[in-house]
There are 2 protein chains.
Amino acid sequence: MNYGVIMMMDRSCPGTVEPILEILDGKWTLLLLFELFNGTRRFGELRRKLQPISPKTLTDRLRLLEEKGIVTRTIYPGVPLHVEYELTESGQGLQPIFAAMWTWTQEYGSYLRKEPNEMGQETEKLV
Amino acid sequence: MNYGVIMMMDRSCPGTVEPILEILDGKWTLLLLFELFNGTRRFGELRRKLQPISPKTLTDRLRLLEEKGIVTRTIYPGVPLHVEYELTESGQGLQPIFAAMWTWTQEYGSYLRKEPNEMGQETEKLV
DNA sequence: TGCAATAGTTTCAAAAAATGAACTATGGGG
DNA sequence: CCCCATAGTTCATTTTTTGAAACTATTGCA
């Protein structure tokens with residue numbers, strides 16, 4: 001049973017990591033970040049890609065990410081005006097986390113199940 | 001602008017990673033997992049450590065994690081009966097994700113802010 | 001028989017998040 | 001002076017999540 005890394009982080013960790021879950025939280029955040037990992041995006045683009053997200057939810061999310069310093073918002077006046085959203089350095093720095101999630105899914109994703117006992121895994125024991 | 005890893009994962013990724021966010025989602029999940037990273041825990045122990053979580057929320061969380069194959073539940077009859085929760089292999093496999101979050105926080109945590117413009121960071125530009 | 005200690009469940013209320021529909025703002029062109 | 005396209009905002013409603021309080025179940029023992 002090797003808890004190496006976590007042992008190092010010990011108790012200070014939950015508190016340390018919580019702010020990040022505030023960032024990743026929310027129904028659409030994940031898709032939104034993936035969209036932005038692939039480059040600068042305009043409001044309308046995001047709205048189309050994340051269909052059927054509501055414009056309110058999209059602005060809520062973007063404002064939160066902006067507040068946390070994850071994205072920048074650049075306004076281009078002119079007709080019609082447009083606005084571009086782009087990841088900051090710390091926003092791009094989120095990638096290793098997603099990479100780790102991806103690795104986990106590769107390794108253990110097949111263990112996932114929705115129906116209890118679907119794959120004959122035992123998670124309940126009577127001793 | 002180096003989107004290396006994500007570029008590799010491309011579009012398949014959001015769908016691939018989503019199941020994991022289902023696991024990590026929820027107000028208490030993070031603390032709960034940290035508690036279990038440090039070893040086997042009984043229901044009452046978890047309840048005390050996560051105070052003031054309600055027993056309902058705790059069972060909801062544990063049942064979800066069990067369903068997803070992240071924890072096992074072992075019942076020890078006898079008086080008084082007790083139940084132990086323990087991470088499965090895939091549950092322990094979540095650690096690198098937390099490690100990546102921890103690294104992110106070390107690197108960028110200081111950029112985080114609650115109040116708009118608190119640290120003089122520019123996230124809004126007019127071009 | 002009833003109490004103690006464990007691990008829950010049940011029911012209902014409260015709070016938080018997401019949605020839908022309609023509306024605002026901007027400014028050049030017809 | 002109205003229209004177009006952009007990027008939102010506002011407000012009421014629905015859905016989801018969380019919580020609090022009280023209750024159930026098990027079983028050995030006094």
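**Two chains around DNA strand C**

Helix 5 of chain B makes the largest contribution to the surface near DNA strand C, supplying four residues. The model described here is a predicted one. At least two residues of this surface are also supplied by each of helix 4 (43–49) and strand 3 (82–87) of chain B, and by helix 5 (55–67) of chain A. Both chains therefore have a place in the picture, and it helps to look at the surface residue by residue.

Around DNA strand C there are 20 residues, of which K27(A), W28(A), R61(A), R73(B) and Y85(B) come nearest. By character, the residues of this surface comprise seven charged, five polar and eight nonpolar ones.

Which parts of DNA strand C lie within 4 Å of the protein? Sugar or phosphate accounts for 82% of these atoms, and bases make up the rest. Individual polar contacts fill in the detail. K27(A) places a polar backbone atom 2.7 Å from a phosphate oxygen of the strand, while R63(B) has a polar side-chain atom 3.3 Å from a phosphate oxygen. At L81(B), a polar backbone atom is 3.4 Å from a sugar or linking oxygen of DNA strand C.

Turning to the protein chains themselves, a turn of 180 degrees with a shift of 0.0 Å along the axis lays chain A on chain B with an RMSD of 0.1 Å. The two copies are therefore related as by a two-fold rotation axis. In chain A, I97(A) has the C-alpha nearest that axis, at 2.9 Å. The copies meet through the same surface, because 100% of the interface residues of chain A are interface residues in chain B as well.

Conventions:
Residues are numbered from 1 along each chain as its sequence is written. Chains are lettered from A and ligands numbered from 1 in the order in which they are written. This is a predicted model: local features need pLDDT of at least 70, side-chain atom pairs count only at pLDDT 80 or more; totals for chains, interfaces and linings use all residues. Side-chain values use heavy atoms; hydrogens and water are left out. A residue is near a molecule or strand if one of its heavy atoms lies within 4 Å of it. A polar contact is a pair of N or O atoms within 3.5 Å; within protein, one must be able to donate a hydrogen and the other to accept it, and residues adjacent in sequence count only if both atoms are side-chain atoms. Ala, Val, Leu, Ile, Met, Phe, Trp, Tyr, Cys and Pro count as nonpolar, Asp, Glu, Lys and Arg as charged, and the others, Gly among them, as polar. Copies are superposed by least squares on the C-alpha atoms of residues with pLDDT of at least 70 in both. Contact means heavy atoms within 4.5 Å.
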